[in-house]
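Please open the model in a viewer and keep the selection panel at hand. The tour proceeds from one selection to the next, with a short account of what is found at each stop.

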Amino acid sequence: MGHGSSKSDSSSGDSADGGSKPSRMRRLGRRLHLHSDHFRRRSRAHTTGSHSHTSKILKEEDFAGIALIRIISAEMKFKDKWLVCISLGEQTFRTHVSDQTDKPTWNSEKKLLLERHGAHIARISVFETNRLSKNNLIGYCEIDLLEFLSQDSSSDTEVFDLLDPSSLSTVGRISISCCIEDPVDTEKSFVRRILSIVDYNEDGELSLAEFSDLIAAFGNKLAAEKKEELFKQADRNGDGVVCLDELATLLAIQHEKEPLINCCPVCGQVLEVSDGLNSMIHMTLCFDEGTGNQVMTGGFLTEKEASSGWMFKLSEWAHFSTYDIGLRSGSSASHILVYDRRKKRLVEEIIDRKIVLSMRAIYQSKFGLGLMDNGAKEILRSLSEKQGKKMDSAESAKEIPNFIEFFKGQINMDEVKYPLEQFKTFNEFFIRELKPGARPIAFIERDDIAVCAADCRLMVFNSVADSIRFWIKGRKFSIQGLLGNEACSSAFINGALVIFRLAPQDYHRFHFPVSGTIEKFIEIPGCLYTVNPIAVNSKYCNVFTENKRVVAIISTEYFGKVAFVATGATMVGSINFSRKEGDYVKKGDEFGYFSFGGSTVICVFEKDSIKIDEDLLENSARSLETLVSVGMQLGLSVKKQD
């Protein structure tokens, strides 16, 4: 059916003067324009590269499918203008802003790539937008998208409770539609979308002229030169047109020999790896299927960035700062992004903007260095001592609720061992203990597996050279400078380096990453610089080799000797240990705690003694800290046993 018009189009396309060619190409251009309208709205996701859906080459066994999520509507407890953000992995998208109402409607959708071993828990966050500079997070829910692959339901629409990030009480409900295309369905629908681009008369089949336009859109010059040969190869039944199944067969067979698709016909991006799977995924995510729903705006890394008001964005521009993966030195270092290992999602570290500006002024300039050399070190020490006394006073307990509110959603009070009213000072709360079992220890029975020593932002390096290349910019950083002459041995010089950075909101007790015997403690006096990455990435000071620190040497069966360095920082004048020399300890046991502030633990392993987990190394190579918890796996022993 409809063959006549397709064949007629074919004959006109082969005419000597080619008079119909511009008309066909204009039609192709219009179709691509319609398909790519939504793509331009998220073009930043492609230009940044680091979080584009094409930046990672996917293996067939890792492809779980394509999720189409539609944010339909919500019921809130008060009237406002609302927007919704959805985050998955290193990508965040946002809806348009609703009308002033307590029952907002969006009908806004987005396609998301699902990997079997990648990010699969989507966070849906609802913001009120009545503020110029900062939209307010009201509630959120999380959805495990992989569960939809095995879900047997007559409806793909569900209603989820929205939870307040502080109290976890219900603040509203949101209706979400989610359908998952498995790999087989994705392949079928992909070919259907490809065919629809140049099927001008919409009869479900391609004439030679239409087929030729499709090959041209793929950007493959060699294929374009033999388009007639390819057409005959595809037209398996010899009826003069190529149908859906025939086109699918051609693409599958040809990709085994020589891929046809060199560039995406929707966005125009050159496909670096032109294999069938990755080409299909790329173009599926680029296509707008014309459902009539609004496609979400993309190109954001975190929900904080996506939800920002226009005045906040203006201030960002004024300070020349940027959102990006990794941390740049200098004025752009105003957003600290970390990768949540458990939830496989980028999150932004909460830090007061005034503090960011002051740290940049001190640690990222020669003028700031001059301050450090002219007495600021003593000022920091005095400030830490005074702040420590203040946080130990009964009056300081009033600050606890404000502290929890500021770090809303990042302090889980359900894990805390004692109720809030039991803390009589701020420092008592700051060094809070957790309930037994709150931090399970990975492979607790295996001493050949090292674990994370703290709730922290983690950086790992196989050598000091890697740490200097990707992270530490201080002048002349070295293992000997870090450990001191007494603790440093030749085996540590080229060993692996693990940096556990604790932020103020973190659980501030640190634990043993390995099992063994504490041989000795060595106290090294020093400064109290901040351990924030803005200072660590400064070329003007050596945070880790100049700060006050205590080095503990732990003798182990599987890792040889491990140097455990507890580093002081601004507002952390004291480092407290709960174990002593000669004690035998098990990995995961508590080792000590820091008082108020942020601080750092550094572990140095002997050369060729540990194989650090690959995901941690990959993030660190991108200058991206990984958010981890006590007891998560760190790496495996590779040291030969005697």
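Select Phe 443 and Arg 446 first: Arg 446 lies over the face of the Phe 443 ring, at 5.8 Å from the ring centre. A second arrangement of this kind appears on selecting Arg 123 and Tyr 140, where the charged end of Arg 123 sits over the Tyr 140 ring, 4.2 Å from its centre.

**The model as a whole**

Before continuing, colour the chain by confidence, since this is a predicted model. The mean pLDDT of the protein is 78, and 70% of its residues reach 70 or more. Select residues 1-21 next: the pLDDT there is below 50, and the stretch has 34 contacts in the model beyond near neighbours in sequence. Residues 314-320 also have a pLDDT below 50, with 12 contacts in the model beyond near neighbours in sequence.

Switch to a cartoon representation, which should be read with 21 helices and 28 strands in mind. Of the 642 residues in the protein, buried ones make up 55%. Among contacts with a separation of 6 or more, 72% are between residues 24 or more positions apart.

**Aromatic pairs**

The structure holds 19 aromatic pairs. For one of them, select Phe 512 and Phe 591, whose rings are stacked at 4.0 Å centre to centre with 25 degrees between the planes. Which parts of the chain does this pair tie together? Phe 512 is in the loop between β18 (509-511) and β19 (516-524), whereas Phe 591 belongs to strand β24 (residues 590-594), so the pair connects parts that are 79 residues apart in sequence. Phe 512 counts as buried because its relative accessibility is 0%. Phe 591 is likewise buried, with a relative accessible area of 0%.

Keep Phe 512 displayed and add Ile 554, which lies in strand β20 (residues 549-555). Its relative accessibility is 0%, and Ile 554 therefore counts as buried. Leaving aside neighbours within four places in sequence, Ile 554 is in contact with Phe 512, Val 514, Gly 516, Thr 517, Gly 560, Lys 561, Val 562 and Phe 564. Add Glu 519 to the view: Ile 554 and Glu 519 are 35 residues apart in sequence, yet their C-alpha atoms are 5.7 Å apart in space.

For a group of rings, select Phe 403, Phe 406, Phe 407, Phe 423, Phe 426, Phe 429 and Phe 430, which form one aromatic cluster.

**Salt bridges**

Side chains of opposite charge can pair when their charged atoms come close. A search of the whole structure finds 23 salt bridges.

Select Glu 90 and Arg 622, which form a salt bridge with 2.8 Å between the closest N and O atoms. Distant parts of the chain are linked here: Glu 90 is in the loop between β2 (82-88) and β3 (91-94), and Arg 622 is in the loop between α21 and β27 (625-628), 532 residues apart. Is each partner buried or exposed? Glu 90, at 16% relative accessibility, counts as buried, while Arg 622 is partly exposed, with a relative accessible area of 30%.

Move next to Glu 349 and Arg 501, another salt bridge, in which the closest N and O atoms are 2.6 Å apart. This pair also links distant parts of the chain: Glu 349 is in the loop between β14 (345-348) and α12 (353-363), and Arg 501 is in strand β17 (residues 497-502), 152 residues apart. Both Glu 349 and Arg 501 are buried.

Now select Lys 580 and Asp 583, whose side chains meet in a salt bridge at 3.3 Å, N to O. Lys 580 counts as exposed at 55% relative accessibility, whereas Asp 583 counts as buried at 16%. To see a network, select Glu 349, Arg 457, Arg 501, Asp 506 and Glu 625, which are joined by salt bridges that share partners.

**The last helix stop**

Finally, select helix α21 (residues 614-621), whose buried residues are Leu 616, Leu 617, Asn 619 and Ser 620. Look down the axis of α21: the buried residues fall within an arc of 165 degrees, so they line one face of the helix. Extend the selection to Ser 623, which follows α21 and has a positive phi, near 60 degrees.

Key. Residues are numbered from 1 along each chain as its sequence is written. This is a predicted model: local features need pLDDT of at least 70, side-chain atom pairs count only at pLDDT 80 or more; totals for chains, interfaces and linings use all residues. Side-chain values use heavy atoms; hydrogens and water are left out. pLDDT is the predictor's confidence in each residue, from 0 to 100. Contact means heavy atoms within 4.5 Å. Buried means under 20% relative accessible area, exposed over 50%, partly exposed in between (1.4 Å probe, protein chains only). Helices (H or I, at least four residues) and strands (E, at least two) are DSSP runs, numbered from the N terminus. The arc is that of the directions from the helix axis to the C-beta atoms. Rings of Phe, Tyr and Trp (its six-membered ring) pair if their centres lie within 6.5 Å; planes under 30 degrees apart count as stacked, over 60 as edge-to-face and the rest as tilted. A charge sits over a ring if NZ of Lys or CZ of Arg is within 6 Å of the ring centre and within 35 degrees of the ring normal. A salt bridge is a side-chain nitrogen of Lys or Arg within 4 Å of a carboxyl oxygen of Asp or Glu.
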